[in-house]
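Student: I am new to this structure and should like to go through it step by step. May we begin with the terms and then turn to the residues?

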Amino acid sequence: MNFHTRKWVRPEDLNANGTLFGGSLLRWIDEEAAIYAIIQLGNYRCVTKYISEINFEASAEQGDLIEMGLVATHFGRTSMTMRAVVRNMITRRTILSIEKIVFVSLGDEGIPEPHGYSTITYARDRMPTTHPKTGTIAVPTAGEERR
Ligand SMILES: CC(C)(COP(=O)(O)OP(=O)(O)OC[C@H]1O[C@@H](n2cnc3c(N)ncnc32)[C@H](O)[C@@H]1OP(=O)(O)O)[C@@H](O)C(=O)NCCC(=O)NCCS
């Protein structure tokens, strides 16, 4: 599992107890999982379908650094399942782990569409080159450099 994203716990991310607000953490995880799904399934139209039990095991305080890790555990026909772990980089404790986060790849009509992948990519080879809302080509294709 790669821990790509790190966050600094800021005052706006605290609950009434003065520790990390669970809602902020879930927002970060969902965003991270969405980006991971786009990279793995090569489709901007990936939506959260299912999140399994979330057990907050430890917390974080203002100023702490946390890191989020994701890994694909199953490629279905239209879906992909991931596992997530969030750690406190200061205390080194696991804040939470989620066994299953399922994202579904959608077609233009908004219905599930087969993605055709069965293994993890560690490159950017599946990145979509067009954005469905704007139709613009925003991502350079392999070998091209952004000017
Ligand atoms: C995503 C959505 C289009 C799927 O519709 P659906 O009728 O469940 O579609 P399907 O039954 O064809 O299932 C699609 C995939 O999801 C999987 N799936 C469906 N329900 C699931 C569940 N409860 N848990 C895990 N996977 C599930 C199916 O196994 C299937 O995967 P596969 O093709 O890899 O086998 C629909 O549920 C939806 O629009 N949900 C809202 C998504 C959203 O807006 N999320 C953002 C947060 S609000």
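Tutor: The expected span of a helix is 1.5 Å times one less than its number of residues. Helices (H or I, at least four residues) and strands (E, at least two) are DSSP runs, numbered from the N terminus. The model is predicted: local features need pLDDT of at least 70, side-chain atom pairs count only at pLDDT 80 or more, and totals for chains, interfaces and linings use all residues. Residues are numbered from 1 along each chain as its sequence is written.

Student: How far apart are the end C-alpha atoms of helix α1?

Tutor: Helix α1 covers residues 22-41, which makes 20 residues. At 1.5 Å a residue it should span 28 Å, and the distance between its end C-alpha atoms agrees: 28 Å.

Student: Which residues of α1 are exposed on the other side from the buried ones?

Tutor: A residue is buried if 20 or more other C-beta atoms, placed from the backbone, lie within 10 Å of its own, exposed if 12 or fewer, and partly exposed in between. The buried residues of α1 are Leu-25, Ile-29, Glu-32, Ala-33, Tyr-36, Ala-37, Gln-40 and Leu-41. They cover an arc of only 145° (taken over the directions from the helix axis to the C-beta atoms), so they lie on the same side of α1. The exposed residues on the other side are Gly-23, Arg-27 and Glu-31.

Student: Which element gives the most to the shell around the ligand?

Tutor: Two elements give two or more residues to this shell, β2 (46-51) and β6 (94-105). The one that gives the most, with four residues, is β2.
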